Structures are given as C-alpha cells and as structure tokens.
Amino acid sequence: MIRAFKMSVDMSMRSISSKQKCFKPWSYIPNGIMPIFWRVVYWTSQFLTWILLPFMQSYARSGGFSITGKIKTALIENAIYYGTYLLIFGAFLIYVAVNPNFNLQWNQLQTIGIAAANTWGLFLLVLLLGYGLVEIPRSHWNGAKRGYLLMKTYFKAAKLTTEKADAEENLEDIMEEVRKVSESIKYNHPLRKCVDTILKKCPTEYQERMGRNMDDYEDFDERQNSYPSEKSLVKLHKQVIYSVQRHRRTQVQWQILLEQAFYLEDVAKNETSATRQFVHTFHSQEPENKIIQYFYTPTVEWYWECLLRPWFYRVLAVVLATFSVIVVWSECTFFSTKPVLSLFAVFIQLAEKTYNYIYIEMACFLTIFFLSICVYSTVFRIRVFNYYYLASHHQTDAYSLLFSGMLFCRLTPPLCLNFLGLTHMDATISHKNTQPTAYTSIMGSMRVLSFIADGFYIYYPMLVVILCIATYFSLGTRCLNLLGFQQFMGDSEMTSDLIDEGKELIRREKRKRQRQEEGENRRREWKERYGNRDDSTRNRAVHTDQKESSFTETNANRPLSKYTRSNGRTERDRIELLQDAEPLDFNADSVNDDPLESDSGRYQPGGRYLSMSRSKIFDDV
C-alpha cells in the first residue's frame, strides 16, 4: 500500500510541466528502484497465493503422522487445484495462438497470465468493496446505539450457545472413538505410536480418563481382533485436531462474549448515574496498567463511555460515509477523462498544478488506505460455516489463516490497479502519452487483451453501486434468514426469540459469577477475621502432639509400641484416629467405659459394640 502511493507520487511528479521549476522532495525515490521492489512484491505474492499457500493449507489439515505422509496428502489434494490452473492457462494460450493478430512472445504470454490473475482478483475486489463501503460506516453508527449493541450481543450469545453445545457433543463423539481405538491397539502394536500421537492432541481430562482404563500389560492378538488401519487413524487424527480446536474456540468466545455483555449492561446502568462515577459489576480479571488507572479514573471513564463515545462514533460514521460516497462516484466515473469526473483524479491534478508534494502524498495515502480498510475488513467478517472463519484472541485455525493470506495476496495487485484507475495514473485509463508508473511497467500493456483492458477493467467496477444498494437494504442477510441461517434482523420474530434466550443465558451466567464472588469474599473475610486464631490453635495442637509423641517413644516395650513411629506426623495421625474414630453402642442401656471388661475388649455377647473411653486408654502406662 505504501509503495502504491509512493509510486503514484513519483508518477505525478514526472508528469509536471517542465516549464516551471520543481524541487526534488526529501522522500523522492530514484529511477530503477521502484520497479525492482514491485517485481519482488508482485511475483512473491503470486507464488504464495497460487502455489505455496494452497499446498500449506492441505499440509496443515492433513492428519498424517509424519512429514512425508503430510506432503504426500497435500500433493494429492492439490492435483485438481493445479490442474484447473493449467486448464485456464491453456485456454488463454489457445486463444492467443488462434488469433492471427497476436505473436507468441514471452512478454505477451506473461501479460496474459497477469491479466488472468488480475481479472479474478478484481472480481473479488468489487464484491468485497461493495460490502465494506456500506457496512463500515453503518457499524460505527450503530456502535453509538447502546441498546442496539446489547440486543445484538444477546443474539450472539444464543447462537454461540448452540454452537458451543454442538462442539462439545462432537468432541465427546470423537473422544469415544479415540477411547475405543486406544483400548484395541495395545502397547506392543506397530500402530501404537500413531495412537499415542492422537492422544497427545486430546484434552488433558480425556487423556487421564483413557490412561486409567488402559491395560498396557495385555498383548495384542492379530488373529482374534480386527484393528483399524493406518488410513483410518489418519482420518481420526484429522478429526481430533479439528474438534479440539473448535471446542477451545467456542469456550474462549463464550467467555469474551460474557465480558462484552456485562460491560454493555454496566454502561446502560451507569448512564443514569447521578454521581458520574463508572461502577463495574465485576472487577477485571486481568491486572490493569498503573498508568492507565491513574489517568483513566472512574469519572473519566463515565464521561467517555456514557457521553463522548456515542458522539465520536456518530462523527466518525459521517466521515466514513462521505468517503464511501466519493469512492462510489469515482468508481462509476473514472473512465471519463474529458471532463475529469473522478474526484480522486481531480484532487491529484490540482496538487500537480500547485506542486504541493505533501498534499499529493496525503491524498494518495488516504485514498488507498480507505480502500484497503473497506476490502480487508470484509475479509475478516467472512464466515463460510466452520470451513473458513477468522476468530479473535488467537483462536483461528491454520487453514483459515492461510486462506485469508491467499485472499490478501490476490487482492493486493488489483487493488493497486483500481487505485491507478481512480486517480488517472494509468495510461490505459487516462489515454495520455506519459511515462508509465513502476507498477504498470511490471504489469505490461493490457492492450494485448482489448476486451479486458477496454471492457472489464473499466465497466465492471460500476457493479459496486448495485452491491452497495443490496448491502444497505440487507438483501444478503434476508436471503440467509429465509434459508434457515439465523441472522440479526430487528423486524424478525426469530431474532426476538433468540434475543430473549440470550438475555436469559447472560442473566444466568451473571448470577453464577456473583455467587462465586460472594463465596470468595466470605472466605477472604473469614480468613482475615479468624486467621490468627486458627494459627495459634494449630501451634498449640502441634506442641501437644510433639509432647505426646516423645512420651510414647519412651514406652517402646509396651504392647502399644507397635503403633508408634519415629515420624511425628504418623504419630499425630494415630492419636487423631484414636480421638475421632469412636464406635458407639446405640443399643445398650448403658455404656461401659472399661474396654477390658470383655475378653476381646471390643465385643460383648449379644452382638453389642462398646465405646472406647479416652481417659482409660493409657491407664496402664
């Protein structure tokens, strides 16, 4: 992104009339450097997105137990993927060969490959841009509505509870299969190492449970039992990795969602506070920075959360909406050069006339920065069931991270190409005989394929208007809701039911946490109030035990000496056992205090057990 606006600045400075004197700015980049940078960046990103990252995706999802096995699985899974690319390239090659207007040269073939990649990237770019141009300003505007955010949080809680229960059930089923496999494959089986690898990926509580039920001393009999194959263990290993990751992710997301719901409820309560002091229902579990605590006092927090933040979000939403309108207008009119209708092109040309280099840099930077936010933020919002999903707090699996990396690499070149078109720095758009930019010199002349250069690249971005209208009226959300995928819609009965369910779940979790904190406070108060008394009582008991222990050791020849030990703790345990464990006679009319009255000292005729008196145990000592 930074290279793009640097390149645009370079182009703008070169196109300035030589009649007026132009001073070289301090950040001017000499000739020959930017083409090298762009060549490295472009071909590296293309290698990543089309070859390496798809291979790493298959490698990450593979359930193989060795590096060789994972590589083999990744190559097999990507055979169709790479074959599709070869088929597309062959189709373009045949088109160029059949057309008599073209000569088969390496530069032209390279341009055709670049055009194919940029066409696919521009198709994705317009789809993501149309959603981000509307959703980003609207999300900030709705961020100023406390009631809206709280209702949406309740809705998310209800949906996440269902997903969490599904993840727990799926994990239980997978762990049951792992238990059966672990019990069938014994310690001396050739596949036992694979089973141990699977067990290491399981949660700790399941590992302990399976370890207690396993008998390692039993040999396996290949003739009597049917054992799973290595292929089935690879499949089970893959399922274990996915189910454990999903279960951990839902648990973390549930805790984060609870904190968010409690915070929004605290904001709603503190809005009517007369003291203007922000009071939290629960204290933060993470230690806060002392500098933040010093400046971000409860009073400052109340003014920011309850008074200033909503207005800040509204102003920011208006600014973002203004930028979105400018982008939509420029996307629909950037093909017009006489007159120049694209607002971004007008801003750059005005800066060229006044030789304001700083203004050119800021205009280019803000333009491509806003375009990048609209496109890349949509990538973070995309969720394709549980197949692709970017989760916060480091809970995204490797496959989704690699998939997002592929999207970023594919979207960067067409994003820069679209930026050059909006600012009329591309000679294909401006139709000016000027020196090409560094990016254009790497891309080559797109006029090799006239139907792409003069048709698709110019008129396809106009589709962003239709996508913005569809996003504004939430047509995609309504379609998903009709198909059975619950989406947050204020006028839907299903949404109201899920909001009520989520509110009850949050209330239940809040009561549970309040009871836990009350119990911890009572234990803390009891320890502070009676801690010294308990310590003194404990010291007296230890001193008494030591005296009794030393007294008993002097009578080692008595019949009771078989219970004595040199260890003071064992002696203390024996004395406590004699003091606490007293069998009582609940059937006798009276209790005989003398245990030597009967022959056994413990049993009387008639089946009655008599109690032992503490005062006469050591009478003979």
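## Arginine 383 and its partner

Arginine 383 is partly exposed, since its relative accessible area comes to 37%. In this predicted model, the side chain of arginine 383 meets that of glutamate 163 in a salt bridge, at 3.0 Å from N to O. Arginine 383 sits in strand 1 (residues 383-384) and glutamate 163 in helix 6 (residues 146-184), so the contact ties together parts that are 220 residues apart in sequence. At the helix end of the pair, glutamate 163 counts as buried, because its relative accessibility is 13%, and the cut-off for buried is under 20%.

## More along helix 6

Right next in the numbering, lysine 164 makes a salt bridge with glutamate 168, this one at 4.0 Å from N to O. Both of these residues belong to helix 6 and are 4 residues apart, or about one turn of the helix. That spacing makes sense: an α-helix has 3.6 residues a turn, so residues three or four places apart point the same way. Lysine 164 is buried, at 16% relative accessible area, whereas glutamate 168 is partly exposed, at 32%.

There's also a network of salt bridges linking Glu176, Arg179 and Glu183. As for annotation, an unreviewed UniProt entry lists residues 157-184 as a "coiled-coil region". In the model that span is 100% helix and 0% strand, and its end C-alpha atoms lie 40 Å apart.

## Salt bridges elsewhere

How many salt bridges does a search of the whole structure find? The count is 12. One of them joins glutamate 509 to lysine 512, with 3.8 Å between N and O. These two are 3 residues apart in helix 20 (residues 493-553), so about one helical turn separates them. Lysine 512 counts as partly exposed, with 36% relative accessibility.

## Helix 11 and a nonpolar patch

Over on helix 11 (residues 298-333), the story turns nonpolar. A surface patch is formed by Ile292, Tyr296, Val300, Trp304, Leu307, Leu308 and Phe312, which together have about 610 Å² of accessible area. Helix 11 gives the most to this patch, with 5 residues. Tyrosine 296 comes from the loop between helix 10 (290-295) and helix 11, and is partly exposed at 30% relative accessibility.

Leucine 308, one of the patch residues, also marks a kink of about 50° in helix 11, shortly before proline 310. What about the end-to-end span of helix 11? With 36 residues at 1.5 Å each, helix 11 should span 52 Å, and its end C-alpha atoms are 51 Å apart, so the two values agree.

Conventions: Residues are numbered from 1 along each chain as its sequence is written. This is a predicted model: local features need pLDDT of at least 70, side-chain atom pairs count only at pLDDT 80 or more; totals for chains, interfaces and linings use all residues. Side-chain values use heavy atoms; hydrogens and water are left out. UniProt positions are given in the numbering used here, feature names are shortened, and annotations may be inferred rather than shown by experiment. Patches are made of residues with over 30% relative accessible area and no salt bridge: like charges are joined within 9 Å, nonpolar side chains (Val, Leu, Ile, Met, Phe, Trp, Tyr) within 5 Å. Accessible areas come from the Shrake-Rupley method with a 1.4 Å probe; for residues, only the protein chains shown count as cover. Buried means under 20% relative accessible area, exposed over 50%, partly exposed in between (1.4 Å probe, protein chains only). The expected span of a helix is 1.5 Å times one less than its number of residues. The bend at a residue is the angle between axes fitted to the seven residues ending there and the seven starting there.
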